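Work through the following exercises with the sequence and the coordinates at hand. Each task is followed by a worked solution.

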Amino acid sequence: MDDDSLWDGGKLGGREFSADSSESLDRKVRTLAQWMAQARHVVFFTGSEISHPAGLFDTTTAPRYRGPRTSVQEASAVPTRAHMAIKTLLDEGTIQYLITTTTDNLHRKAETSSSRMCELHGNLF
């Protein structure tokens, strides 16, 4: 994995970023994949950080975000690669359920099945 693979422009130009080195990120991804392969049941839990690369920021977590800051209106935001990856993992049966505290509708825009997702704080849309 080269350094450019840590950044990937989305439809709105927001980039997904990892503060880890390429080697560290690669190691973490391999470890996660091994754990998931060995698990009987996998649930993902997401928070507002997943939507930062889409240009959506909140006052609690935004100060920790180190990527580009292209703010957009929630209604015009599009799912990030992370949203789409989670949807794919759900569709493939690799993960069984998604719990999210986001209210920005991006998991739904990614066409994540509402029967496989719990939106703890509801959805603004």
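**Exercise 1.** Which residues does Thr-112 touch, not counting residues up to four places away in sequence?

*Solution.* Take contact as heavy atoms within 4.5 Å. Thr-112 then touches Lys-87, Leu-90, Leu-98, His-107 and Met-117. The model is predicted: local features need pLDDT of at least 70, side-chain atom pairs count only at pLDDT 80 or more, and totals for chains, interfaces and linings use all residues. Residues are numbered from 1 along each chain as its sequence is written, and side-chain values use heavy atoms, with hydrogens and water left out.

Next, place the residue: Thr-112 is found in the loop between helix H3 (106-109) and strand S3. Helices (H or I, at least four residues) and strands (E, at least two) are DSSP runs, numbered from the N terminus.

**Exercise 2.** Is Thr-112 buried or exposed, and how far from a polar atom of its side chain is the backbone oxygen of His-107?

*Solution.* Buried means under 20% relative accessible area and exposed over 50%, with partly exposed in between (1.4 Å probe, protein chains only). Thr-112 has 7% relative accessibility, so the residue counts as buried. The distance from the backbone oxygen of His-107 to a polar atom of the Thr-112 side chain is 3.0 Å.

**Exercise 3.** What is the order of the strands in the sheet?

*Solution.* Two strands pair if DSSP finds at least two bridges between them.

1. S1 (residues 43-46) and S2 run parallel and are joined by 4 bridges; Phe-45 stands opposite Ile-99 in S2.
2. S2 and S3 (residues 117-119) are parallel too, over 3 bridges; here Leu-98 stands opposite Met-117.
3. The 3 strands thus form an open sheet in the order S1-S2-S3. S1 and S3 are at the edges with a single partner strand each, so one side of each has no neighbour in the sheet.

**Exercise 4.** Which side chains of S2 (residues 97-100) are buried?

*Solution.* The side chains alternate along S2. Leu-98 and Thr-100 point to one face and are buried, whereas Tyr-97 and Ile-99 point to the other and are not.

**Exercise 5.** Where do the buried residues of helix H1 (residues 22-38) lie?

*Solution.* First list them: Ser-22, Ser-24, Leu-25 and Met-36. Seen down the axis of H1, these buried residues fall within an arc of 160° (taken from the directions from the helix axis to the C-beta atoms), so they line one face of the helix. Their cover includes S1 and helix H2 (81-92). On the other side of H1, the exposed residues include Glu-23, Arg-27 and Trp-35.

Methods: A polar contact is a pair of N or O atoms within 3.5 Å; within protein, one must be able to donate a hydrogen and the other to accept it, and residues adjacent in sequence count only if both atoms are side-chain atoms.
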